[in-house]
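Visitor: I have a structure to read and do not know where to begin. Could you take me through it?

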Amino acid sequence: MGLTIYDISEKAGVSIATVSRVLNNSSNVSDKTRQKVLDVMEANGYTPNVFARGLGLDTMKTIGILCADSSDLYLAKAVYYLEQLLRENSYDTILCCTGYEPERKKSCMELLLSKRVDSVILCGSNFLHDKKEDNEYIVQAAEHIPVMMLNADYDYKNVYSCFCDDHRSMMTAARTMIASGHQDILYLYNSRSSSGLRKLSGFIAGLEMAGLPVRQEYQCFYNGSHEDIDHMVNYIKELADKGLTFNGIIASDDALALAAVKYARKAGLSIPDELSIIGYNNSLLAKCCDPELTSIDNQLDTLCKTLVHTLISVLNGDNAPQKSIFFGELIERGTTPER
């Protein structure tokens, strides 16, 4: 196989997007960098192939997608959207389900790079870690190809982020519940990812803005399967049995919120009069309970469309925003009082 744009970027020490801009004769490249890339092309006898010449790219027309867990409703829907949108733009995809361990994510990234993909999409915020060294695999990949992050924010060259402002969205949920007369609000969350922590901080901010105390015992982390609704129900019951009193529950995802609805039914609590509930993601679960679930719509379809549009722009050598931020919308249904 002949030399590709990936090889040129490696030999010139620049990103694939920079090589693309040179091929497209974009003015958005310094003369020094342009000449360095051209010198590498000339030294290696590089000529873009016929298939990709229309875009100015010698490309594999393949995008890698890393997803921690494709059984998760949110991530599964995101992967579906991304694959459909990329196919519409004539790109194939390679999907790797990594799990949550940093080493596995790194090895999957290396696998995709070995396949000469044109870019990698990190689907979800679980690909960011607290330790800087655990994020080095992102940095190394971005030295060669554009790295796209869905619902995560990472500052580095050739890394493009598209995410929902989870902090503001969850703050809206908290303030809405407080405004309806609820003060003893239980917050349930099941992820300490960057997105999960933004949601938690938004909940706390909502309490603080209302002048309510921030009580650690009301911030409860569920460390179990996202598919075991009955176990979630028992977890909420255990909290109540330990003496926690609450007339509102805000959950970091709809599965936890659905468990709260089932808990209320078993406890004989009227919804929303005795217990109000708000979920997150506005997934299909929001309409699978009675009453239907009030939930934050985090604009997943818009996030995916924007991310793919940004990626195609980058691969074409066009200017593209490094960050795109959207705001969630509270979709009010039967688990919260009418306003």
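Guide: We will go from the whole chain to its sheets, then to one strand, and end with some backbone details. Keep in mind that this is a predicted model.

Visitor: How many helices and strands does the chain have?

Guide: There are eleven helices and twelve strands. The C-alpha trace spans about 75 × 35 × 35 Å along its principal axes.

Visitor: What share of the residues counts as buried?

Guide: Of the 339 residues in the chain, 55% count as buried. The accessible surface comes to about 15,300 Å², and 47% of that belongs to carbon and sulfur atoms.

Visitor: What can be said about contacts along the sequence, and about the charges?

Guide: Take the contacts between residues at least 6 apart in sequence: 71% of them join residues at least 24 apart. As for charges, the chain has 33 positive and 44 negative ones, and the mean positions of the two groups are 3 Å apart.

Visitor: Now the sheets. What holds the strands of a sheet together?

Guide: Strands in a sheet pair through backbone hydrogen bonds, and the pairing is either parallel or antiparallel. In this structure, one open sheet has six strands in the order E2-E1-E3-E4-E5-E11, with parallel pairing.

Visitor: Which strands stand at the edges of that sheet?

Guide: The edges are E2 and E11 (323-326). Each has a single partner strand, so one side of each is left without a neighbour in the sheet. On average, neighbouring strands here are turned by 15° against each other, ignoring direction.

Visitor: Which helix packs on this sheet?

Guide: Helix H4 does, touching E1 (62-67), E2, E3 and E4. The direction of H4 makes about 175° with that of E1.

Visitor: In what order do the strands of the other six-stranded sheet come?

Guide: The order is E7-E6-E8-E9-E10-E12; this sheet is also open, and its pairing is mixed. E7 (219-221) and E12 (329-331) are the edge strands, each pairing on one side only. Neighbouring strands in this sheet are turned by 20° against each other on average, again with direction ignored.

Visitor: Could you show me one pair inside it?

Guide: E6 (residues 185-189) and E8 (residues 248-251) pair in the parallel sense over four bridges. Within that pair, Leu188 stands opposite Ala251 in E8. Helix H9 (residues 229-241) lies across E6, E7 and E8, and runs at about 140° to E6.

Visitor: How do I read the two faces of a single strand?

Guide: The general idea is that side chains in a regular strand alternate between the two faces of the sheet. A case to look at is E3, where five of its five residues are buried.

Visitor: Which residues of E3 are on each side?

Guide: Ser119, Ile121 and Cys123 are on one side, with Val120 and Leu122 on the other. Both faces are covered, as all of these residues are buried.

Visitor: What are the bridge partners of E3?

Guide: With E1, E3 pairs in the parallel sense over five bridges, and Cys67 stands opposite Cys123 there. With E4 (residues 147-150), E3 also pairs in the parallel sense, over four bridges. In E4, Ile121 faces Met148, while Leu122 has Met149 as its bridge partner.

Visitor: Let us turn to the backbone. Where do I find cis peptide bonds?

Guide: Look at the omega angle of the bond. A cis peptide bond with omega about 5° joins Ile271 and Pro272. Pro272 is in the loop between helix H10 (254-267) and strand E9 (276-280). Another cis peptide bond joins Asp290 and Pro291, with omega about 0°. Pro291 belongs to the loop between E9 and E10 (294-297).

Visitor: And which value of phi does Ser90 have?

Guide: Ser90 is not a glycine, yet its phi is positive, about 70°. Its place is the loop between H4 (73-88) and E2 (92-97). Asn281 also has a positive phi, about 110°, without being a glycine. Asn281 lies in the loop between E9 and E10.

Visitor: Is Asn281 buried or exposed, and what about Ser90?

Guide: Asn281 has a relative accessibility of 17%, so it counts as buried, the cut-off being under 20%. Ser90 has a relative accessible area of 52%, so it is exposed; that class takes values over 50%.

Definitions and conventions. Residues are numbered from 1 along each chain as its sequence is written. This is a predicted model: local features need pLDDT of at least 70, side-chain atom pairs count only at pLDDT 80 or more; totals for chains, interfaces and linings use all residues. Side-chain values use heavy atoms; hydrogens and water are left out. Helices (H or I, at least four residues) and strands (E, at least two) are DSSP runs, numbered from the N terminus. Buried means under 20% relative accessible area, exposed over 50%, partly exposed in between (1.4 Å probe, protein chains only). Two strands pair if DSSP finds at least two bridges between them. Axes are lines fitted to C-alpha atoms, for helices over the stretch in contact, and angles run from 0 to 180 degrees between N-to-C directions. Contact means heavy atoms within 4.5 Å. Accessible areas come from the Shrake-Rupley method with a 1.4 Å probe; for residues, only the protein chains shown count as cover. Lys and Arg count as positive and Asp and Glu as negative; His and the chain ends are not counted. The place of a charge is taken as NZ of Lys, CZ of Arg, CG of Asp or CD of Glu.
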